[in-house]
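Reader: Hi, I'm new to this one and would like to go through it slowly with you. Could you show it to me before we start?

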Amino acid sequence: MQSRIPRQSAPEPGVHRADNDAGLSDELASVVGGARRRAVRDGDRQVDTAHLLHSLLESDPEARAVVGDGPQLARLLGYLVQRSIGYGLRWQSGVEDSGTVPLVSGSTGFSPLAAASMECARARAAGRGGPARGTDLLAAIVVDPQARAVEVLQRAGIDARAVLARLDGWAGVTEECGEATH
């Protein structure tokens, strides 16, 4: 019996794959793939931090637990779903970039903030000697107050600083990632 799900051997049109997903756990590589597909489906030019957050919350129970549960999580997921039907339309014409993070080369298809978040997640994981996990990426995408993920969290009534405070081992990540915003 053949699967009804078509194979996707070629990269999705409009969003190019990063040079490599080295340094990511299998689970996080799957999250990144989901964010890429979501960006294509939404008609966005680049994967941004909100795409990464949405895919992360759908796929990673540990990251979901850090963000919270109950009504706030439901409201957050609602905002993320609404993005594709109108909430995020104002973002389609611009690139997510706060100007506070250095440009990361070799990250075609990612907004500057999303690319920097991926590098930050890798740096955070390297400090512990393992591949980047979902909580590493979560920490990286909520560190910059200009990130679209942070904007969506705020609209859902979730404080990004509180999310950071709940993450184990957060100390030192801002220095590793070149960010000192929180």
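Reader: Thanks. What pattern does the protein chain follow, read along the sequence?

Author: Before anything else, please keep in mind that this is a predicted model. Read along the sequence, the protein chain follows the pattern α-α-α-α-α-α-α-α-α, which comes to nine helices and zero strands.

Reader: OK, and how much of the protein chain is buried?

Author: Of the 182 residues in the protein chain, 47% are buried. As for the outside, the accessible surface is about 9200 Å², and carbon and sulfur atoms account for 50% of that surface.

Reader: Which residues touch the most other members of the largest nonpolar core?

Author: That core has 44 residues, and the ones touching the most other members are L52, L53, L76, L138 and V142. The elements that each give two or more residues to this core are α1 (26-42), α2, α3, α4 (71-82), α5 (112-126), α6 (134-141), α7 (148-155) and α8.

Reader: And which element gives the largest share?

Author: The largest share comes from α5, which supplies seven residues to this core.

Reader: What about contacts between residues far apart in the sequence, what percentage are those?

Author: If you take the contacts in the protein chain with a separation of 6 or more, 65% of them are between residues 24 or more positions apart.

Reader: Switching topic, where is D60 found?

Author: D60 sits in the loop between α2 (49-59) and α3 (61-67). This residue is buried, yet D60 has no salt bridge.

Reader: Which side chain of opposite charge is nearest to D60, then?

Author: That is R64, which is 6.8 Å away, whereas a salt bridge would need the charged atoms to be within 4 Å. A polar atom of the D60 side chain does, however, lie 2.9 Å from the backbone nitrogen of A63.

Reader: And what does D60 touch further along the sequence?

Author: Leaving aside residues up to four places away in sequence, D60 touches G134 and T135.

Reader: One more, A160: why does that one count as buried?

Author: A160 counts as buried because its relative accessibility is 3%, and the cut-off for buried is under 20%. This residue lies in helix α8, which covers residues 160-166.

Reader: Which residues does A160 touch?

Author: Not counting residues up to four places away in sequence, A160 touches V142, V150 and L153. V142 is also among the residues that touch the most other members of the largest nonpolar core.

Reader: And how far apart are A160 and D144 in space?

Author: From C-alpha to C-alpha, A160 and D144 are 9.1 Å apart, with their positions 16 residues apart in sequence as the separation.

Conventions. Residues numbered from 1 in each chain as written. Predicted model: local features only at pLDDT ≥ 70, side-chain atom pairs only at ≥ 80, totals over all residues. Heavy atoms only, no water. Helix = DSSP H or I, 4+ residues; strand = E, 2+ residues; numbered from the N terminus. Buried < 20%, exposed > 50% of the residue type's maximum accessible area, 1.4 Å probe, protein only. Lys, Arg positive; Asp, Glu negative; His and termini not counted. Polar contact = N/O pair within 3.5 Å; in protein donor to acceptor, adjacent residues only side chain to side chain. Contact = heavy atoms within 4.5 Å. Areas by Shrake-Rupley, 256 points an atom, 1.4 Å probe, with all protein chains shown as cover. Core = buried A, V, L, I, M, F, W, Y, C linked by side-chain atoms within 4.5 Å.
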